[in-house]
Amino acid sequence: MGRGGRVSLADRVYESLRDDLATGRLAPAERLRAERLARRYGVSRTPVREALARLQADGLVQRHPEGLYLYRPRLAELDELFELRMVLETRGFQRSALGSAAAPAGHDLAAVRTELTRWQEFRDAPPRPGPELVAADERFHTELLRAAGNSALAEALSAVYIRVRPVRTMDVPTTDRVAAMTAEHIAIAEHVLAGRRERAMHTLVTHITASCVHVRARAEQAIAFTKLGGTVRD
């Protein structure tokens, strides 16, 4: 942030580059060259280098012997990220049950109702698979966690999503999977609004577990195809 609250050029490049990496507009296997990125964003190499340094500090970019690349989790790391996601989201329900001196027990029902309405609309007019659907899915979970009364938990969940998002964006869900995701989101929100906290958390845990199993299976499949591709030529 520059003087007077103005966003610096490096900040703008950082936000654009992070978004392009997370949504797949930059290929996961593409080397992140400062010169090429400077041309892409119409800036000099200095703000690009600053943005890349920040992304590396965030853990979203990794340095390899040949240069910088998007962070790509190993299978074990992918499992760990989903485990952290589970801990954060279930903690939201535990917190909402107990309350605190700063916030009463229970969710912000108006926020939950907003998400319920959004996913009921998706049920009637399903969104197309792609980055926008992934973003809507993430928003449901982060807003549900924020509604439990601790924005820091929601921010931690957002950080997990940023690291998993490139994998999810490359996976195009089937119509059945989109329908299942929609139905589960609706069920979770309806349970929360009806005060059925335990049922809501059970549905949430089942939902996250299924997502983890699917993403891991797709990742294993991608690795297998990559290895197979290395055994043949055009």
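**A walk through a predicted helical chain**

Let me begin with one residue: setting aside neighbours within four places in sequence, Phe93 is in contact (heavy atoms within 4.5 Å) with His107, Leu144, Val192, Arg197, Ala200, Met201 and Leu204. Before going further, I should say that this is a predicted model, in which local features need pLDDT of at least 70 and side-chain atom pairs count only at pLDDT 80 or more, while totals for chains, interfaces and linings use all residues. Residues are numbered from 1 along each chain as its sequence is written, and side-chain values use heavy atoms, with hydrogens and water left out.

Phe93 sits in helix H4, where helices (H or I, at least four residues) and strands (E, at least two) are DSSP runs numbered from the N terminus. With a relative accessible area of 3%, Phe93 is buried, a word that here means under 20% relative accessible area, with exposed meaning over 50% and partly exposed in between, using a 1.4 Å probe and protein chains only. One of its partners, Arg197, lies 104 residues away along the chain, and yet the C-alpha atoms of Phe93 and Arg197 are separated by 7.2 Å.

Now to the chain as a whole. The protein chain has nine helices and two strands, and from the N terminus on the order of its elements is α-α-α-β-β-α-α-α-α-α-α. It holds 234 residues, of which 40% count as buried. If we take the contacts with a separation of 6 or more, 67% of them are between residues 24 or more positions apart. The chain exposes about 13200 Å², and carbon and sulfur atoms supply 53% of that area, which was computed by the Shrake-Rupley method with a 1.4 Å probe, with only the protein chains shown counting as cover for residues.

Let me turn to the open spaces. Rolling a probe the size of a water molecule over the atoms shows where empty space is left. On a 1 Å grid over the protein atoms alone, a pocket is an open set of points where a 1.4 Å probe fits, with protein on both sides within 12 Å along at least five of seven lines, and lining residues have an atom within 4 Å of a point. Grid points are joined across faces, edges and corners, and a volume is the space filled by probe spheres set on the points.

The largest pocket holds about 710 Å³ of space. Its lining is made of 24 residues, and those nearest its centre are Arg72, Pro73, Val167, Ala219 and Ala222. Two or more lining residues come from each of strand E1 (61-64), helix H4 (75-98), helix H7 (151-170) and helix H9 (197-229), with H9 giving the largest share, eight residues. By class, this lining has 14 nonpolar, four polar and six charged residues, where Ala, Val, Leu, Ile, Met, Phe, Trp, Tyr, Cys and Pro count as nonpolar, Asp, Glu, Lys and Arg as charged, and the others, Gly among them, as polar.

Ala219, one of the residues nearest the centre of that pocket, is found in helix H9. At 14% relative accessibility, Ala219 counts as buried, and, not counting residues up to four places away in sequence, Ala219 touches Leu75 and Leu78. Ala219 and Pro73 are 146 residues apart along the chain, with 9.9 Å between their C-alpha atoms.

The second largest pocket has about 360 Å³ of space. Among its 21 lining residues, Arg168, Pro173, Arg177, Met181 and Ser211 lie nearest the centre. Helix H6 (131-146), H7, helix H8 (175-193) and H9 each supply at least two residues of this lining, and H9 gives the most, with five. The lining divides into nine nonpolar, six polar and six charged residues.

Which residues does Asp137 touch, beyond its neighbours within four places in sequence? They are Trp119, Arg168, Met181, His185 and His207. Asp137 belongs to helix H6 and is buried, at a relative accessible area of 2%. Its side chain makes a polar contact of 3.0 Å with that of His185; such a contact is a pair of N or O atoms within 3.5 Å, where within protein one must be able to donate a hydrogen and the other to accept it, and residues adjacent in sequence count only if both atoms are side-chain atoms.

I will close with Thr203, whose place is in helix H9. Thr203 counts as buried at 18% relative accessibility, and a polar atom of its side chain lies 2.9 Å from the backbone oxygen of Arg199. Not counting residues up to four places away in sequence, Thr203 touches Glu184, Ala187, Ile188 and His191.
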